[in-house]
Amino acid sequence: MSSLEPLREVVKKLAETFNNPQKRESSYFNFYDDSLIIHGFPPNLPANKEGFKKFIYLLWKAFPDIRIIFDDIIIEKNKVACRYNLTGTHKDEFMDLKPTDKEFTINGMTVFYFHDTKCIERWNLVDMISLGEQLRTQS
């Protein structure tokens, strides 16, 4: 096993935990160090672990079946870059939109910086314009 494989496994387990409603609230945030710095979201929330938690809880409430699937995982030293698809169904208010019961699929990219196996910094780029369009479009 290469020295990069442990981080690949951490990121895969992170996604599995995010996708599992029975496990995510109790263990998803364990992947993140208390010193976490967030870039790219959450809007209008602190760029730390507490702000990140608030945003993720909003996602889980608005899209209880939300799933992330990593299409690419690229690792260099302590940095992991992931390209992914995010899917879910809009069941509660999000971005000032009342629930629509519409399904969505959007793309995103995240770069994680790790210290050992804990994420200490995270950069995010998510296609929020496409999400808004999919939730607002008439069926």
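A salt bridge is counted here when a side-chain nitrogen of Lys or Arg lies within 4 Å of a carboxyl oxygen of Asp or Glu. The model is predicted, and a search of the whole structure finds 8 such salt bridges. One of them joins Lys 49 to Asp 34, with the closest N and O atoms 3.1 Å apart. To place this pair and others, the sheet comes first.

The sheet is open and has 5 strands in the order β1-β5-β4-β3-β2, with mixed pairing. Its edges are β1 (32–39) and β2 (67–76); each has a single partner strand, so one side of each lacks a neighbour in the sheet. On average, and with direction ignored, neighbouring strands are turned by 25 degrees against each other. The partner of β1 is β5 (residues 118–126): the two strands run parallel and are joined by 4 bridges. Within this pairing, Ile 37 has Glu 121 in β5 as its bridge partner.

Two helices can be placed against these strands. Helix α1 (residues 5–19) lies across β1, β2, β3 (79–89) and β4 (103–115), and runs at about 165 degrees to β2. Helix α4 (residues 128–136) lies across β4 and β5, at about 155 degrees to β4.

We can now return to the salt bridges. Lys 49 forms its salt bridge with Asp 34. This pair links distant parts of the chain, since Lys 49 belongs to helix α3 (residues 49–62) and Asp 34 to strand β1, 15 residues apart. Are the two residues buried or exposed? Lys 49 has a relative accessible area of 10% and is therefore buried, because the limit for buried is under 20%. Asp 34, at 67% relative accessibility, counts as exposed.

Helix α3 takes part in another such link. Asp 92 and Lys 61 meet through their side chains in a salt bridge of 3.8 Å, N to O. Here the distant parts are the loop between β3 and β4, which holds Asp 92, and helix α3, which holds Lys 61; the residues are 31 apart. Asp 92 is partly exposed at a relative accessible area of 24%, whereas Lys 61 is exposed at 54%.

A further salt bridge connects two strands. The side chains of Arg 83 and Asp 72 meet at 2.7 Å, N to O. Arg 83 is in strand β3 and Asp 72 in strand β2, so the pair ties together parts 11 residues apart in sequence. Arg 83 is partly exposed, with a relative accessible area of 36%, and Asp 72 is also partly exposed, at 30%. Both residues belong, with Asp 71, to a network of salt bridges.

Conventions. Residues numbered from 1 in each chain as written. Predicted model: local features only at pLDDT ≥ 70, side-chain atom pairs only at ≥ 80, totals over all residues. Heavy atoms only, no water. Pairing = 2+ DSSP bridges. Axes fitted to C-alpha atoms, helices over the stretch in contact; angles between N-to-C directions. Contact = heavy atoms within 4.5 Å. Buried < 20%, exposed > 50% of the residue type's maximum accessible area, 1.4 Å probe, protein only.
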